[in-house]
Amino acid sequence: MAAMNLAPISSLRPPEFATTTNTIAKHTKSTTFLPKAKPSASISFATSSSEISPATLEMPEIELEFIAPKAGADGKYPVEKAKAISGEKLLRNIMLDNKIELYATYGKVMNCGGGGSCGTCIVEIIDGKDLLNERTNTELRYLKKKPETWRLACQTIVGNKENSGKVVVQRLPQWKN
């Protein structure tokens, strides 16, 4: 059983004024402000046990793996992982929020901040392409001579609020050997 108390912020009634006559001078009147007590209302809402509260619903989640552009000293490509609620964020924001390197040297200095006007946030989708939105017109313009698996991170929405799964992303694919 959930209960919610609602109290009005302000009363719509005008304040009451009490007028008293001064006993010393019969012709002088003073006015005193008497605030009214604000009424409060209480409303209760009953919920049945079969209802599911929004807090208990699990949102679909996308797991992301980001492969480094260059192999480490051991010859393996380092992988960074992140998770995101499906359909809520752009790939660029997920990478920046998780401190995963997105830009090459030039892009760090000259990126457009996610506006889709520079083309410096290129990534390659290795697996999970079906969990992302279709290429936008901006991507079609900047990536027309690039492989279909290349995307602009600032234009790529991860998930669609209904799907879940895993996306594997190659960072800075232009650095591949």
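**A Predicted Model: Sheet, Salt Bridges and Surface**

Good morning. I begin with one residue: arginine 151 is buried, with a relative accessible area of 3%. The model in which this residue sits is a predicted one. Arginine 151 forms a salt bridge with glutamate 139, and the closest N and O atoms of the two are 2.7 Å apart. Glutamate 139 belongs to helix H3, residues 137-142, while arginine 151 belongs to strand E8, so the pair ties together parts that are 12 residues apart in sequence. Is glutamate 139 buried or exposed? At 0% relative accessibility, glutamate 139 counts as buried.

Let me now step back to the protein as a whole. The protein contains three helices and nine strands. Read from the N terminus on, its elements follow the order β-β-β-β-β-β-α-α-β-α-β-β. The chain has 177 residues, of which 30% count as buried. About 12400 Å² of the protein is exposed, and carbon and sulfur atoms supply 54% of that area. If we take the contacts between residues at least 6 apart in sequence, 63% of them join residues at least 24 apart.

I turn next to the sheet. Which strands form it, and in what order? Five strands make up an open sheet with mixed pairing, in the order E6-E5-E9-E7-E8. At its edges are strand E6, residues 79-85, and strand E8, residues 150-152, each of which pairs on one side only. From one strand to the next, the twist averages 35 degrees. The edge strand E8 is also the strand that holds arginine 151, with which I opened.

Strand E5 deserves some attention. Of its seven residues, five are buried, and E5 is thus described as mostly covered. E5 covers residues 61-67 and is joined by six bridges to strand E9, residues 165-171, and these two strands run parallel. Toward E6 the arrangement is antiparallel, with seven bridges joining E5 to E6.

Two residues of this region illustrate the pairing. Glutamate 63 stands opposite lysine 166 in E9. Glutamate 65 has a bridge partner in each neighbouring strand: lysine 81 in E6 and valine 168 in E9.

Glutamate 65 also takes part in a side-chain contact. Its side chain meets that of lysine 166 in a salt bridge, at 2.9 Å from N to O. Why does this pair matter for the layout of the chain? Glutamate 65 lies in strand E5 and lysine 166 in strand E9, so the salt bridge ties together parts that are 101 residues apart in sequence. The two partners differ in exposure: glutamate 65 is buried, with a relative accessible area of 17%, whereas lysine 166 counts as partly exposed at 39%.

From E5 we move to its antiparallel neighbour. Alanine 84 is found in strand E6 and is buried, with a relative accessible area of 8%. Setting aside residues up to four places away in sequence, alanine 84 touches Pro60, Glu61, Ile62, Leu64 and Ile94. Alanine 84 and glutamate 63 are 21 residues apart in sequence, and their C-alpha atoms are 6.6 Å apart in space.

I return to the charged side chains. How many salt bridges are counted? The count comes to seven. In general, side chains of opposite charge can pair when their charged atoms come close. One further example joins aspartate 97 and lysine 89, at 2.4 Å from N to O. Here both partners are partly exposed, aspartate 97 at 47% relative accessibility and lysine 89 at 36%.

Two residues stand out in their backbone angles. Most residues other than glycine have a negative phi. Lysine 161, however, has a positive phi near 75 degrees, and its place is in the loop between E8 and E9. Leucine 172 also has a positive phi, near 45 degrees. Leucine 172 is located in the segment after E9 and is buried, with a relative accessible area of 0%.

Finally, the surface. Which residues make the nonpolar surface patch of about 370 Å²? The patch is made by Tyr106, Val109 and Met110. Valine 109 lies in helix H2, residues 105-110, and is exposed, with a relative accessible area of 66%.

Thank you for your attention.

Key. Residues are numbered from 1 along each chain as its sequence is written. This is a predicted model: local features need pLDDT of at least 70, side-chain atom pairs count only at pLDDT 80 or more; totals for chains, interfaces and linings use all residues. Side-chain values use heavy atoms; hydrogens and water are left out. Patches are made of residues with over 30% relative accessible area and no salt bridge: like charges are joined within 9 Å, nonpolar side chains (Val, Leu, Ile, Met, Phe, Trp, Tyr) within 5 Å. Accessible areas come from the Shrake-Rupley method with a 1.4 Å probe; for residues, only the protein chains shown count as cover. A salt bridge is a side-chain nitrogen of Lys or Arg within 4 Å of a carboxyl oxygen of Asp or Glu. Helices (H or I, at least four residues) and strands (E, at least two) are DSSP runs, numbered from the N terminus. Buried means under 20% relative accessible area, exposed over 50%, partly exposed in between (1.4 Å probe, protein chains only). Two strands pair if DSSP finds at least two bridges between them. Axes are lines fitted to C-alpha atoms, for helices over the stretch in contact, and angles run from 0 to 180 degrees between N-to-C directions. Contact means heavy atoms within 4.5 Å.
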